[in-house]
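Me: I am new to this structure and would like a close look at a single part of it. Could you pick one strand and walk me through its surroundings?

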Amino acid sequence: MVCPKDDKLFDYIEGILEDNEKDLMERHIQSCPYCEQQLELLLKENELLEQTLKSPILPDDFAEKIVDQLEPHKRKKNRPLKWVLGTAASALLAGGVFMSVSPSVAKLVGGIFSSETVDEGLRMAIDTDIATPVNLSATDADITLHIEDLIADTSRIAFSYRVTNQQGKVLNPFIGDADLYSIKVLDEHQNEVELNSMSWGLHDDYGIYEISLVNIDNFTKGTVRLDIHHLAGKDGQWQIDIPIDLTSAYEQQKVVALNESYEVEGVKIHLDKVNYATSTTDIYYQLEYTEEVKERLKQQLKQKELQFNNEIVQFLYFPSIGYRIENGKGVVLGYENIYFSKERGHPVSENMLSGMGQWDGEPSELGPYKQIDSFVPNKNAEEELYFVVDTIYRPKISEFSITFNPKELPKTFEYNGYELTIDSVQEKTDYSLQKSWMPIQRQKSVEIQLSGFALQKAPNIEKWALEDEKGNKYTIHHGGSTLDETDQQGRFKRTFELVSSELEKIPEEMTLHIIAETEVIPLKNEIRIPLFKN
């Protein structure tokens, strides 16, 4: 999955994604530090809004009482009651200005890009000629949008901006709802460019937009067209056309074709190439099951779907890897998805900026999975680097189930490196505002809380299902946490929150099924691949 577009992250937070979309999103967030950071930002904003607009808990019959007192009337169509703060859909940046400037002029670029609040790759780029002060603005309704500094690289483009009023006071830089602006990236022939992902960040009084150009071919010159209709709480029209020229950035990048293939633990690894850009190092690789493992997994999935259904079993069953980037002396410069420390209960990343991947073909065919990971560049550009694979993560079907009486809790069980306790089962009622004739919607669900401990490299439980005493089966959405806190046996604290929106009342008897898990396979013989050609 590529980093989410539009306001998908907000839809995820609001719980309005379809089940399959939600599963895709959760899997992506777990493997993408960039989107994980973005999600944390949005959750903090939502928490702030909840504190500001806090309201009392409503009784279960509140919606019915209110609707009974309402009189039908016609109303004008309003904007949805939704705050768009910084998802990939808040797409202000689609490209950037490039001006040929001398290194001495490039040093004038700084501001927020020279601060510790942005990633090191952008800080490294500000002293090169791919960085330039832009100084473009548009004003309407006494509000001015200032685009200040810009970095235009082959792998990404980022720019900083501010929003001010007539007196020069800096205002909130949030752009607004996705239906109130249009951002288009046009090539030099005025054809719209299909983009992979965008991200937004708030740094001090600045907004920063960034667009990934990774895996976008044949794009060197063009225009980004901004058309914004709501800014800083006011309606208006702010239009800016920004010319793009990445010629100099392409001259500075180095692409090394690798074409290296390996097979280990039922997974084929193929390294395609590495792109050494000014602000990122981008590694292109592909993962695929061996035919034996693929066919076995397909058969297991078919049997599981007969036992449950496709919706319950559906999950992204692609393999992944944990690896390090190191120099010839073995000094680690970055890593992705590895257990780097015995004190951490989950895989971590270092100096990784973003990652995106997609199936080659339909996911159900379990074909090749193509991945592009972007890291902070090595400061020593002449140093030879190595790609060291130390862990394979391989999804598998589980056959574990546990039956319990919800009135007889807590109940503890053990499974594959886990010791978990079912702490509670509760009925939940949530209210939300909707654009419909019934503005207040009520959603009932059943929520199961589990806590316990697990070994550091215990399988990651990916999919759960719920069954009642009558044999009815229900989809479960789950969340949870892995803490660095350990027990006397060195196991890490784990929590799970399982929610079924298909249930409104707690059954007399419940069975939890673990549908899928991802096993962690440390490699006894690591694979060390040079990211250069001799």
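Reply: Here is a walk around strand β3 and its partners.

This is a predicted model, in which local features need pLDDT of at least 70 and side-chain atom pairs count only at pLDDT 80 or more, while totals for chains, interfaces and linings use all residues. Residues are numbered from 1 along each chain as its sequence is written, and side-chain values use heavy atoms, with hydrogens and water left out.

For the setting, the protein has nine helices and 27 strands; these are DSSP runs numbered from the N terminus, helices being H or I with at least four residues and strands E with at least two. Of its 534 residues, 51% count as buried, meaning under 20% relative accessible area with a 1.4 Å probe and protein chains only.

Now to β3 itself, which spans residues 156–165 and is mostly covered, with nine of its 10 residues buried. Strands pair if DSSP finds at least two bridges between them.

Let us start with strand β2 (residues 143–152), which is joined to β3 by eight bridges in the antiparallel sense. Three residues lie between β2 and β3 in their hairpin, and Phe159 of β3 has Leu150 opposite.

Strand β7 (residues 206–212) also runs antiparallel to β3, with six bridges. Here Gly207 of β7 stands opposite Tyr161.

Finally, strand β4 (residues 170–171) pairs with β3 over two bridges, again antiparallel, and Val170 in β4 faces Thr164 as its opposite residue. The hairpin of β3 and β4 has four residues between the strands, and Gly168 there takes a positive phi near 90°.

Methods:
Buried < 20%, exposed > 50% of the residue type's maximum accessible area, 1.4 Å probe, protein only.
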